[in-house]
Amino acid sequence: MRLRQSKQLLLLLIVSVVAVLSAVVMVIIVFSNKKTEIITEPAKTVTTEITKSPVHKIIGKTVEGRSIDAYIYGTGKTHLMFIGGIHGGYEWNSVLLAYQFIDYLKANPEIIPENITVAIIPSANPDGIYRVTGTNGRFTTNDVTTASLPDGTGRFNAHGVDLNRNFDCKWKPKSMWESKVVSAGTSAFSEPEAVAIRDFVKEFSPAGAVFWHSKSNAVYASECTDGILPITLKIMDVYSRASGYSAVKSFDAYEISGDAEGWLASINIPAITVELKTHETVEWEKNLAGFTALLRYYSI
Ligand SMILES: [Zn+2]
């Protein structure tokens, strides 16, 4: 009887030990599984959204050290360049128009065809802009104080040079702005702002260029000494028809030399000048239509 009881007790003990061991093993298994889960978690694939922001480049500095910026959209082989504000604060609305394109392209990157890259240089003469806004970087209409300033304030760079007379096309030290004689610099590309555009053009190699100015209310072709390039006439017509600005082959209101568009013509790059109707309006719908038509033209 005693022996039997002892055997039963031993059996119970063995069963208990096995049960406890099983429980421990179960806990270890559960714990190790959890551990495995924890370890494997960071291996989950992280999906990064392809960035649609533009590439921002500082292409040069002004006489007073302000940055000249370029914003580049798309990755196509055909490059197009749009430039605002070469006449600075005198034509500040051309800079606001360029800023509006920057916002528009950020929100609608899909409008740029696959074969095209667009570069926008919104403010080619930031020192001139500073003269009428008193602020650096982006500004709004509210920052502009031209009403209290003499007419033409901010047109020139900080050396008093008309930048659109400082390019290497029939360059002369003095040129004209309406009936006024203006400085064209000490040589072609004597000014850092003109150098910035020249160097960017050489690197970017645009198939076409548009300069926004104000306020002659027209689209102009360009030429230097060898006449107007056939493609220049074509893109002038494309922009003109879509936007409604009248097309003018030659600017003959007064004689100019050293203009950026003429220099581009001299190196076989078609360039047009788009003159807004006033010094204050952006004329967004017209210019968006012209811009879109140009993209279409270059995408075919
Ligand atoms: Zn101008």
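**Exercise 1. State which elements cover the buried residues of helix H7 in this predicted model, and establish where on the helix those residues lie.**

Solution. The cover of the buried residues of H7 includes strand S3 (78–84), helix H2 (92–107), strand S4 (116–121), strand S7 (208–214), helix H5 (230–243) and strand S10 (271–276), where helices (H or I, at least four residues) and strands (E, at least two) are DSSP runs numbered from the N terminus, and where two residues are in contact if their C-beta atoms, placed from the backbone, lie within 7 Å. The model is a predicted one, in which local features need pLDDT of at least 70 and side-chain atom pairs count only at pLDDT 80 or more, while totals for chains, interfaces and linings use all residues. Residues are numbered from 1 along each chain as its sequence is written.

The next step is to list the residues concerned: Asn 287, Gly 290, Phe 291, Leu 294 and Tyr 298 are the buried residues of H7, a residue being buried if 20 or more other C-beta atoms lie within 10 Å of its own, exposed if 12 or fewer, and partly exposed in between. Viewed down the axis of H7, these buried residues fall within an arc of 95 degrees, so they line one face of the helix; the arc is that of the directions from the helix axis to the C-beta atoms. An α-helix has 3.6 residues a turn, so residues three or four places apart point the same way.

**Exercise 2. Check the lengths of H7 and H2 against the expected helical span.**

Solution. The expected span is 1.5 Å times one less than the number of residues. For H7 (residues 284–299), the 16 residues should span 22 Å, and the end C-alpha atoms are 22 Å apart, which agrees. For H2, the 16 residues should likewise span 22 Å, and its end C-alpha atoms are 23 Å apart, which agrees. Among the buried residues of H2 are Trp 92, Leu 96, Phe 101 and Leu 105.

**Exercise 3. Describe how H5 packs against H7.**

Solution. The axes of H5 and H7 come within 7 Å and cross at roughly 140 degrees, with axes taken as lines fitted to C-alpha atoms, for helices over the stretch in contact, and angles running from 0 to 180 degrees between N-to-C directions. The two helices, H5 and H7, are therefore oblique to each other, given that angles under 35 degrees count as roughly parallel, over 145 as roughly antiparallel, 65 to 115 as roughly perpendicular and the rest as oblique. On the H5 side the residues that meet H7 are Ile 235, Val 238, Tyr 239, Ala 242 and Ser 243, and their partners in H7 include Asn 287, Gly 290 and Leu 294.

**Exercise 4. Find the backbone exceptions at Phe 189, Ser 205 and Ser 214 to Lys 215, and place them.**

Solution. Most residues other than glycine have a negative phi, and most peptide bonds are trans. Phe 189, although not a glycine, has a positive phi of about 60 degrees; Phe 189 sits in the loop between strand S6 (180–183) and helix H4 (192–204) and is partly exposed, with 19 other C-beta atoms within 10 Å. Ser 205, also not a glycine, has a positive phi of about 50 degrees; Ser 205 belongs to the loop between H4 and S7 and is exposed, with 11 other C-beta atoms within 10 Å. The peptide bond from Ser 214 to Lys 215 is cis, with omega near 10 degrees, and Lys 215 lies in the loop between S7 and strand S8 (218–220).
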